[in-house]
Amino acid sequence: MLKRLFFIVIIALCWQSVSAQHIQSPAEFLGYRAGEKFTPHYRVVEYFKYVAGVAGNVKLQQFGTTNEGRPLIAMFIASDDNIKRLEEIRQNNLRLAGMENGAIMPNQPAITWLSYNVHGNEPASSEAAMWTLFDLVDPANTATKEWLKNSVVVIDPCLNPDGRDRYTNFYNSVRGMLPDASPTSREHLEPWPGGRVNHYYFDLNRDWAWQAQKETQARVALFNQWLPQVHVDFHEQGYNNPYYFAPAAEPYHKDITQWQRDFQVTIGKNNARHFDENGWMYFTKQEFDLLYPSYGDTYPLYSGSIGMTYEQGGIGAGLAVVTRNGDTLTLAQRIAHHRTTGLSTVEIVSQNATKVVDEFKKFYDNSRQNPPGVYKTYVIKNDNNEKVNELAKMFARNGIQYGYGLTNKSITGYNYFTGATEQYTVNPNDLVVNAYQPKSVLLHVLLEPKTFIPDSATYDITAWALPYAYGLKAYGIKESYKPLASSWSVPKPQPLTNTRAYAYVSAWQSIADVRFLSALLKKKIKVRYAEMPFEAEGKKFTAGSLLITRAGNEKIDFDRVVTQTAADMGHEITPLSSGFVDKGSDIGSDDVRFIRQPRVALVTGDGINSEAMGEVWHFFEQQIGYPVSLIRYQDINRTKLNDFDVIIMPDGRYNDLSSDNLQSWIRDGGKLIAIENAVAALVDKKGFNIKKKENKKDDKADAKSKPVIKIYADRNRDAIRSSIPGAIFKLNMDNTHPLAFGFPNYYYSLKLSDDIYELLGEDDWNVGTIEKNSYVAGFAGVQSKQKLNSGLLLGVQSLGRGSVVYLVDDPLFRSFWENGKLLFSNAVFMVGQ
């Protein structure tokens, strides 16, 4: 009996041991084979949690949540020995980069980071992420065990869970019993806004540096805690395209090192070897360049990684689709391709791990000792505490070191705003950034006044210098200066107690001031603004300054509510004891206007640029906390427009725009804000005075000119002569007009097209105009530069008792053009009062 019991125990222990060695594949766990279904995000998370519970060589970390509450997770996979010292490896990697102090340990494993599904309607990659994880933890996979001996692999299975579920829920709701491979089937045609974007319709792949979205903020924070040697961003492109992998297309930013270029080729050749073995089609060195700093490949490159994009054909392909060449592309094939390149990358990194780590250290050694660019110190003039604080936060999120003030107060440097070398006396609260630091490459890319563009056929915008984006005067200095202080606290306004004021005054110069106005309006506090500068209580106040008067606010505990609101927000206000000012117009004059609390509607739906619409939506809800109603464009003719005071038309295609209802509403006192192509939609519409500015042609010269013989191979180059893929231009501003309150007599605009309009008539207002030689930075085609001369980019038309605001360029572009936020706020709250 005892022998039998002993035998049973031994068998049970052996079975338990064998069972422990088996890890379910995604097919076994989910109950369907790869490519048979789209997996909801929660099931992807469940599979990663399952693996974390049964595999001994992994660690799962939740590092954030999406706007809709879905978890953001990352899985760390290593050898049994390395997984036990994962934190030690992370800290040692930061010591290699000079981000932490301490002795550097030998035999540092290379870190390969694989990011999937940043665009929600590119869903094959999250499916591939599960299979790649399985390959790395499968006890029977001897190859991956070898790779993990000198590698740590990080898998982020879905960068955009909200967008992914938007797409998969759509697809699963319209597919039949079998997938319909016909490209015209509705399962291949997503409804607006599509799954590409996140909850607020932002493209998360263009948000790495700016981190406007909470998903990006959480992810980049984790990324900068690790600084991997290699980062791959898995995407999909149009389903008629074959697979794309590195090396990337030109232009490369000049700060990308030769090693980063060369190892992209090494990785690409290894990917090609596996694809060649399977007879799969692919291409390299085309279309996807390395310039704009906020992508999932360029941001890592500027942070010392080998950053790459992998693109599988598949957007809109569903489970199966017939391509242009007559083949049927399946989800299973798309998964296999991404699975192969993911493993191929881990393989080649492992084979070169020592070199990869050595070059990573060399990148950061060089960054600290020999930073790129001619400027070794940057000084940002503190004309506005709130703007400087926002820029400092942006630097901190990106691991860029900064301080305040200089011991040597007088410096000579390049003035970004004048383009001249000038002397400047540095103040203690000026932001000072020394280039001799670990993140000097990223710093240089973000602050260089003019980005060098060796090849103008780029994939994205070509200018983004932060002094122009934030509207802060800056100086580039060729000498190295260390900041005097590592921190500087904005003096907090003293709480006002036992105050009985005639009125309170608040500045109007930044988005912090807009938030304060929003808070007051939501509390039903009546607010006014000064149309003219004035002086009172020994202080100077600019046009646009907010005035909160006791008159009209008698029904509330006036002083307590206003002062407490300011204290809660850390906002400075000045109490006035009298309406009689020292200089300028008195508080009761007609130069002080009442701000009606606007009821705002934002146009959405088919034809509207979802990303442009999302920028406005996010601005109201997340940045200033002010209510906005979303109305569909197709419903606008049956919407009760009188329920709103302001209607915002973001960029989009406004086909068949019927302007009669809009015009009646405007004439009755409404305000229409038209942005980008919404402005174009109003051209030639009766009652709207906006007109396109056309280049005048010499008819006689045209008649005599001979046909141009064009070279077919140069067709892409010829096309960009009349294009602007995002460039900076300087506008002349009438800052006496409410649309330009808070600005000097100029404004730096990020132009995304060469659209320009005729000046409005004498009854209207040309607030932001452009003249010859207004170009500042970025690529602009020769023909476009010639066209952008003597025209309107910001204007206001009076129409009955209402007004139309024309914003030809998007002031909220990707939410990183910080200075545009005040401009947009002026359009909403100031114009037409």
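How many aromatic pairs does a search of the whole structure find? The search finds 59. Keep in mind as we go that this is a predicted model. Let's begin with two of those pairs.

**Stop 1: stacked rings**

Select Phe 417 and Tyr 468. Their rings are stacked, 5.9 Å centre to centre and with 15° between the planes. The two residues are 51 apart along the chain: Phe 417 sits in the loop between strand 15 (410-415) and strand 16 (421-425), while Tyr 468 belongs to helix 16 (residues 466-470). With a relative accessibility of 10%, Phe 417 counts as buried, and Tyr 468 is buried at 2%.

Now add Tyr 424 and Tyr 475. This pair is stacked too, with 4.6 Å between ring centres and 15° between the planes. Tyr 424 is in strand 16 and Tyr 475 in strand 18 (residues 474-477), so the pair ties together parts 51 residues apart in sequence. Both Tyr 424 and Tyr 475 are buried.

To see what surrounds the Phe 417 ring, show Tyr 375, Tyr 378, Tyr 414, Tyr 416, Phe 417, Tyr 468, Tyr 746 and Tyr 748 together. Ring pairs link these residues into a cluster.

**Stop 2: the nonpolar cores**

Which residues touch the most other members of the largest nonpolar core? Select Phe 620 and Ile 648, the two that do so in this core of 231 residues. Helix 6 (residues 124-137) gives the most to the core, contributing nine residues. Apart from it lies another core, made of 15 residues, including Ile 83, Trp 113, Leu 222 and Trp 226.

Go back to Ile 648 and display its contacts beyond four places in sequence. Among them are Val 600, Ala 601, Leu 602 and Val 603, as well as Phe 620, Ile 673 and Ile 675. Phe 824 and Val 828 also touch Ile 648, and those two lead to the next stop.

**Stop 3: helix 25 and a buried alanine**

Select helix 25 (residues 820-830), where eleven of eleven residues are buried. Colour by residue type and you will find that the buried set includes Lys 821, Ser 825 and Asn 826 alongside Leu 822, Leu 823, Phe 824 and Val 828. Just after the helix, check Gly 832, which takes a positive phi of about 80°.

Asn 826 takes us on to Ala 740. Leaving out residues up to four places away in sequence, Ala 740 touches Met 733, Asp 734, Asn 735, Val 767 and Asn 826. Ala 740 lies in the loop between strand 30 (727-733) and strand 31 (746-751). Is Ala 740 buried or exposed? Its relative accessible area is 0%, so Ala 740 is buried. For a sense of scale, draw a distance from its C-alpha to that of Gln 369: they are 43 Å apart in space and 371 residues apart in sequence.

**Stop 4: helix 3 against helix 6**

Show helix 3 (residues 41-54) with helix 6. Their axes are 10 Å apart and meet at an angle of about 10°, and the two helices are therefore roughly parallel. Helix 3 makes the contact through Val 44, Tyr 47, Phe 48 and Val 51, and helix 6 through Ala 129, Met 130, Leu 133, Phe 134 and Val 137. The contact residues are nine nonpolar, no polar and no charged. The spacing in such lists has a simple background: an α-helix has 3.6 residues a turn, so residues three or four places apart point the same way.

Next, select Ser 25, in the loop between helix 1 (2-21) and helix 2 (26-30). Beyond its neighbours within four places in sequence, Ser 25 is in contact with Tyr 47, Trp 131 and Phe 134. At 8% relative accessibility, Ser 25 counts as buried.

**Stop 5: backbone details**

Where are cis peptide bonds to be found? One joins Ala 246 and Pro 247, with omega about 15°. Another joins Glu 250 and Pro 251, with omega about 5°. Pro 247 is in the loop between strand 6 (243-244) and strand 7 (249-252), whereas Pro 251 lies in strand 7.

Finish with two non-glycine residues of positive phi: Asn 107, near 60°, and Leu 227, near 50°. Asn 107 is in the loop between helix 5 (86-96) and strand 3 (110-116), and at 72% relative accessibility it counts as exposed. Leu 227 is in the loop between helix 9 (214-226) and strand 5 (230-238) and is buried, with a relative accessible area of 0%.

Key. Residues numbered from 1 in each chain as written. Predicted model: local features only at pLDDT ≥ 70, side-chain atom pairs only at ≥ 80, totals over all residues. Heavy atoms only, no water. Core = buried A, V, L, I, M, F, W, Y, C linked by side-chain atoms within 4.5 Å. Buried < 20%, exposed > 50% of the residue type's maximum accessible area, 1.4 Å probe, protein only. Helix = DSSP H or I, 4+ residues; strand = E, 2+ residues; numbered from the N terminus. Contact = heavy atoms within 4.5 Å. Axes fitted to C-alpha atoms, helices over the stretch in contact; angles between N-to-C directions. Parallel < 35°, antiparallel > 145°, perpendicular 65-115°, else oblique. Nonpolar A, V, L, I, M, F, W, Y, C, P; charged D, E, K, R; others polar. Phe/Tyr/Trp six-rings, centres within 6.5 Å; stacked < 30°, edge-to-face > 60°.
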